[in-house]
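Visitor: I have a model open in front of me and would like to learn how to read its features one by one. Could we begin with a single position and work outwards from there?

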Amino acid sequence: MLSALATVMARVLEMLVAAGKPVDRSIFAALELVQRTARGEKVPKAALTAAWKHVEAIGEQTRGWRDELEKRSYWAVGESATVLHMAVTGENHVDLVLRQGSYGMVTGDEDDLRAWYKAALATTDLSEVPRAKRVDPKRAAAEAKALARIAKALGPRAKLLAAKSARHDPKLAGDSAKLKALLARHHYPAYPSVLAFERAFGGLVFPEDGGGGDDDWFENGESNLVGPYGCLKSNAHERPDGGRPALRLVPVAYTMNDNIVFIDKAGAFYAQDTIADATATKLRGTAAANVAKLLERFG
């Protein structure tokens with residue numbers, strides 16, 4: 001699988017070169033290290049780690065894209081770093097690579113890339129499929145209790161939790177004391193509206209497209225996040241303010257495609273697509289209604 005993924009990402013990068021976007025050739029050399037590892041050659045872990053960090057640094061340098069081609073280059077380089085990370089750690093981030101790497105397409109014909117991905121998936125050795133994971137009864141009971149609390153807050157919309165494969169992550173939920181401390185650390189106000197939102201929905205996570213029956217998204221942390229504690233704990237964004245600093249908005253939900261939901265002092269909600277929108281737009285509806293919209297639109 002790693003070999004196929006490295007091939008796919010190298011092909012995407014070559015497409016970028018063909019479209020007129022220079023690509024640092026060291027990235028191709030780094031992906032070749034993955035290929036060598038997949039072939040069973042002894043590649044020092046230090047070399048893989050150094051290559052991973054190098055490609056990751058290149059990706060950070062391209063973060064401030066100015067046009068569509070640069071944006072696609074940023075995503076393609078970033079997912080090349082993810083492939084290297086998989087080679088170093090043995091972790092499985094296949095779904096992330098295949099999803100995010102598609103931003104590297106520059107021909108407009110995404111069917112080609114889907115075909116490459118399908119070929120990559122076809123190389124998976126089914127004998128390597130991991131055994132079913134043990135379920136910790138105490139953890140399962142705690143999660144059921146938390147989801148029941150969230151279901152109660154959602155009211156008539158509670159069925160969305162099961163429909164969208166929602167889970168509760170205790171590591172991304174905090175009591176009032178922990179939340180206040182985290183808000184202070186990030187220089188956000190501890191509005192009563194923010195504390196109330198965390199009590200109702202804190203720790204709620206859900207995948208894109210219902211997860212497709214695959215629980216890896218939860219174990220790998222690839223999820224939409226609901227709750228101010230989880231958002232700030234994730235460090236997915238660097239102190240967002242919705243482009244409206246005077247309102248002192250507090251982030252309470254992050255989606256995987258860079259949308260952020262905020263709350264103001266009065267408990268009103270705002271949403272911003274950080275890729276397309278310079279400022280957040282005020283939303284209508286209650287907390288439950290807006291969480292339901294997140295589940296419906298991004299789950």
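Guide: Let us start with S223, which lies in the loop between α11 (216–219) and β3 (224–226); please keep in mind throughout that this is a predicted model.

Visitor: Is S223 buried or exposed?

Guide: The general idea is that a residue counts as buried when its relative accessible area is under 20%. S223 has a relative accessibility of 13%, and therefore it counts as buried. Leaving aside residues up to four places away in sequence, S223 touches V205, F206, W217 and M256.

Visitor: Which element holds T82, and how should I read its surroundings?

Guide: T82 belongs to helix α4, which covers residues 68–89. Because its relative accessible area is 13%, T82 is buried. Sequence and space can be read side by side here, since T82 and V55 are 27 residues apart in sequence, while their C-alpha atoms are 9.3 Å apart in space.

Visitor: At what angle do α2 and α4 pack?

Guide: For a pair of helices, one reads the angle between the axes together with their separation, and angles under 35 degrees count as roughly parallel. Helix α2, residues 25–38, packs against α4 at an angle of about 30°, and the two axes are 10 Å apart. This is why α2 is described as roughly parallel to α4. The crossing of α2 past α4 is left-handed, and the residues that meet are I27, A30, L31 and V34 from α2 with V77, S80, V83, L84 and A87 from α4.

Visitor: How many aromatic pairs are there, and which residues form a cluster?

Guide: A pair of aromatic rings is described by the distance of the centres and the angle of the planes. The count here comes to three aromatic pairs, and F197, F201 and F269 form one aromatic cluster.

Visitor: Where do R25 and K53 lie with respect to rings?

Guide: R25 lies over the face of F28, 4.0 Å from the ring centre, and K53 has its charged end over the ring of W52, at 4.3 Å from the centre of that ring.

Visitor: What, finally, can be said of the protein taken as a whole?

Guide: The protein has 13 helices and seven strands, and of its 299 residues, 44% are buried. Among the contacts with a separation of 6 or more, 62% are accounted for by residues 24 or more positions apart.

Terms used:
Residues are numbered from 1 along each chain as its sequence is written. This is a predicted model: local features need pLDDT of at least 70, side-chain atom pairs count only at pLDDT 80 or more; totals for chains, interfaces and linings use all residues. Side-chain values use heavy atoms; hydrogens and water are left out. Helices (H or I, at least four residues) and strands (E, at least two) are DSSP runs, numbered from the N terminus. Buried means under 20% relative accessible area, exposed over 50%, partly exposed in between (1.4 Å probe, protein chains only). Rings of Phe, Tyr and Trp (its six-membered ring) pair if their centres lie within 6.5 Å; planes under 30 degrees apart count as stacked, over 60 as edge-to-face and the rest as tilted. A charge sits over a ring if NZ of Lys or CZ of Arg is within 6 Å of the ring centre and within 35 degrees of the ring normal. Axes are lines fitted to C-alpha atoms, for helices over the stretch in contact, and angles run from 0 to 180 degrees between N-to-C directions. Angles under 35 degrees count as roughly parallel, over 145 as roughly antiparallel, 65 to 115 as roughly perpendicular and the rest as oblique. A crossing is left-handed if the near helix is turned anticlockwise from the far one by less than a right angle, and right-handed if clockwise. Contact means heavy atoms within 4.5 Å.
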